[in-house]
Amino acid sequence: MGDTSFGGPWTQKKLRILRLYLNAYTTALKKQPFRLIYLDAFAGEGSWRPGSAYASTDYDDFRKLHTGSPRIALGIQDRPFDRLIFIEKDPQRYESLKKLRSEFSHRDIMIYNKDANDALPIFCDTLRTLDRSVVFLDPFATEVSWTIVERLAQTQKVDCWILFPLGAIARMMPTANEPPPQLASQLDRIFGGREHWWILYEQSSRLSIFGDEPGRERPKGSSNQIAHQYRERLESVFVKVAPSGREFRNAKNSPMFQLFFAASNPKGAKIAVDIAKHIIDKW
Ligand SMILES: C[S@@+](CC[C@H](N)C(=O)[O-])C[C@H]1O[C@@H](n2cnc3c(N)ncnc32)[C@H](O)[C@@H]1O
């Protein structure tokens, strides 16, 4: 098995939310004629061990191998998923997923050693009328491009949990001046266009010593506006988005991630978001 260590206490909370949702979602659709598909686009290898960022005081917890999202989805029992798709870019982790598939040889499991940004559009194209899917986008950082989020929304068949890397994005958006060109193009890719993050910058109140146009700055402490802006982007393409995301902070109490939920099926979106909202608020 490769290096399974990453994450922190927030990882367990995030996965508990996923487990509760998958249980509720599959049970809600139990009597429906749908083929239920779980897609894990950043699948890892099935299990994980808390990494160096983990601040647990429980040393045993630190050493323990925890159940990762692929195993969580495989463990849904009341109404099991008909098909499970795991996408993982790292070759070693992909090898571990192959072993997981052998362990669950009676299940319909497809695994791909690909970049999620390339594999997801293909998945969207293959969805059939009676397919319904939960897609989990659980990257380490800023790997999710807006084009795939938009593509998932267009299917009208997918409910999506998206781990938005708020801390990493706040670091890409300096407060004293505009992001340099390389970071600006990364932000374009994540938000799906410059205008969608540029509005978080305002004209600087500082006077330019050379008398030219003052630059732009992002108000300090406005990182929750970044998350708010991304949620608005989700609302612009999905039928319904849970009103608030679940925020995860690091040991220094800085925001690291915001877990969003968005539903794309016009008929199912309300109930899906009601379930997700209840879980986000309670857990
Ligand atoms: C946070 S981990 C996922 C953990 C997993 N959800 C779990 O609960 O065990 C992120 C995973 O995404 C993989 N990854 C990173 N970039 C990727 C990409 N562009 N496409 C697919 N997988 C990627 C990493 O190798 C890593 O295994």
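In this predicted model, strand E5, helix H4 (residues 91-103) and strand E6 form a right-handed β-α-β unit. The two strands of this unit, E5 (residues 83-87) and E6, pair in the parallel sense over four bridges. Within this pairing, Ile87 stands opposite Tyr112 of E6.

Strand E6, which covers residues 109-112, also shows an alternation of its side chains. Ile109 and Ile111 point to one face and are buried, that is, under 20% relative accessible area. Met110 and Tyr112 point to the other face and are not buried.

From these strands the description turns to the pockets. The largest pocket holds about 530 Å³ of space. Its lining comprises 31 residues, and the closest to the pocket centre are Phe42, Glu88, Asp138, Pro139 and Phe140. Helix H1 (9-28), strand E3 (47-50) and helix H5 (116-126) each contribute at least two residues to this lining; H1 gives the most, with four residues. By class, the lining of the largest pocket divides into 13 nonpolar, eight polar and 10 charged residues.

The second largest pocket has a volume of about 300 Å³. Sixteen residues line this pocket, and Leu29, Phe34, Arg132, Asn265 and Gly268 lie nearest its centre. Helix H1 supplies at least two residues to this lining, as do strand E8 (158-164) and helix H11 (269-282). The lining of the second largest pocket has nine nonpolar, three polar and four charged residues. Helix H1 thus appears in the linings of the largest pocket and of the second largest pocket.

Note on methods. Residues are numbered from 1 along each chain as its sequence is written. This is a predicted model: local features need pLDDT of at least 70, side-chain atom pairs count only at pLDDT 80 or more; totals for chains, interfaces and linings use all residues. Side-chain values use heavy atoms; hydrogens and water are left out. On a 1 Å grid over the protein atoms alone, a cavity is a set of points where a 1.4 Å probe fits but cannot get out, and a pocket is an open set with protein on both sides within 12 Å along at least five of seven lines; lining residues have an atom within 4 Å of a point. Grid points are joined across faces, edges and corners, and a volume is the space filled by probe spheres set on the points. Ala, Val, Leu, Ile, Met, Phe, Trp, Tyr, Cys and Pro count as nonpolar, Asp, Glu, Lys and Arg as charged, and the others, Gly among them, as polar. Buried means under 20% relative accessible area, exposed over 50%, partly exposed in between (1.4 Å probe, protein chains only). Two strands pair if DSSP finds at least two bridges between them. A crossover is right-handed if, with the strands pointing away from the viewer, the path from the first strand over the helix to the second runs clockwise.
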